[in-house]
Amino acid sequence: MAFGGSLGVVRGALPGAGDRPDESYGTAMWPTAEGYTSATPASQHVPYDSRGEELVVRVWEALELPGSAMDYHFVLQNAVDRLWSTRNADPRALEMLEVFALLDLELMEAAPQAVSFEGTEPMAFVRVTSVSRLIGLLEREGAFAEALAVAKRLTRFGQGEDMMTRLSEKVGALAAEAAGSGRAQ
């Protein structure tokens with residue numbers, strides 16, 4: 001994965017960045033002011049009610065905190081859902097939605113266990129909404145080739161096949177139309 005870190009985030013300055021789990025319970029337990037929790041610092045960092053710039057900052061910070069690949073997937077997916085719901089009020093929402101959805105897809109490709117059901121053979125995957133939301137956005141914007149490329153990547157996870165078929169038809173129709181108008185000139 002090519003994630004080089006969150007720009008502008010000083011990892012060591014984040015609360016929980018230096019926390020290490022206590023494994024003596026048989027499962028990882030993370031220290032809190034009240035005792036211990038099974039929730040990682042990354043999974044606890046983004047408040048449910050955060051929106052706009054606060055949401056974006058908290059997501060970048062969460063990606064720098066200790067957590068599992070699954071924690072990071074859910075941080076990114078939840079951010080994409082919130083950004084989608086506030087897209088009309090926040091002009092930057094769609095830009096960040098694309099950034100976080102693509103980062104989520106890269107995470108899935110690097111660590112498929114982040115979105116898989118444990119112990120299934122062959123590996124079965126949870127339904128991922130962040131990437132399919134991005135595909136829909138690209139399609140609505142007329143970026144059919146880009147949407148098709150993302151949908152093809154998503155098929156590795158047993159999703160996106162229907163989108164890929166629809167987008168392939170649109171890309172083909174556009175290519176045929178372009179070829180036809182080139183001959184007409």
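**View 1. The crossing of helices α2 and α4.** In this predicted model, helix α2 and helix α4 cross in a left-handed way. On the α2 side, the contact is made by V56, V59 and W60. On the α4 side, look for M96, V99, F100 and L103. Sort the residues of this contact by type and you get 7 nonpolar, no polar and no charged.

**View 2. The angle between α2 and α4.** Here we follow the two helix axes: α2 runs over residues 52–62 and α4 over residues 93–110. The helices pack at an angle of about 20 degrees, and their axes are 12 Å apart. How do we describe a pair like that: roughly parallel, roughly antiparallel, roughly perpendicular or oblique? Angles under 35 degrees count as roughly parallel, so α2 and α4 get that label.

**View 3. What sits over α2.** Now stay with α2 and check which of its residues are tucked away. Buried here are G52, L55, V56, V59, W60, E61 and A62. Three of these, V56, V59 and W60, have already turned up in the contact with α4. What covers the buried residues of α2? The cover includes α1 (41–44), α3 (69–85) and α4.

**View 4. The buried side of helix α6.** Next up is α6, spanning residues 144–154. Its buried residues include F144, A147 and L148, and also V150, A151 and L154. Why do these residues end up on the same side of α6? They cover an arc of only 165 degrees around the axis, so they share one side of the helix.

**View 5. A close look at L154.** This residue belongs to helix α6. Is L154 buried or exposed? With a relative accessible area of 0%, L154 is buried. Leaving out neighbours within four places in sequence, L154 is in contact with M108, V131, S132 and I135, plus Q159, G160 and M163. For a sense of distance, try H45: the C-alpha atoms of L154 and H45 are separated by 27 Å, and the two residues lie 109 residues apart along the chain.

**View 6. Zooming out for context.** The close-ups come from a protein with 7 helices and 2 strands. Reading along the sequence, you meet them in the pattern β-β-α-α-α-α-α-α-α. The C-alpha trace spans about 75 × 45 × 25 Å along its principal axes. Of the 185 residues, 41% count as buried. Take the contacts between residues at least 6 apart in sequence, and 57% of them join residues at least 24 apart.

Notes. Residues numbered from 1 in each chain as written. Predicted model: local features only at pLDDT ≥ 70, side-chain atom pairs only at ≥ 80, totals over all residues. Heavy atoms only, no water. Buried < 20%, exposed > 50% of the residue type's maximum accessible area, 1.4 Å probe, protein only. Helix = DSSP H or I, 4+ residues; strand = E, 2+ residues; numbered from the N terminus. Arc of directions from axis to C-beta. Axes fitted to C-alpha atoms, helices over the stretch in contact; angles between N-to-C directions. Parallel < 35°, antiparallel > 145°, perpendicular 65-115°, else oblique. Left-handed = near helix turned anticlockwise from the far one by under 90°. Contact = heavy atoms within 4.5 Å. Nonpolar A, V, L, I, M, F, W, Y, C, P; charged D, E, K, R; others polar.
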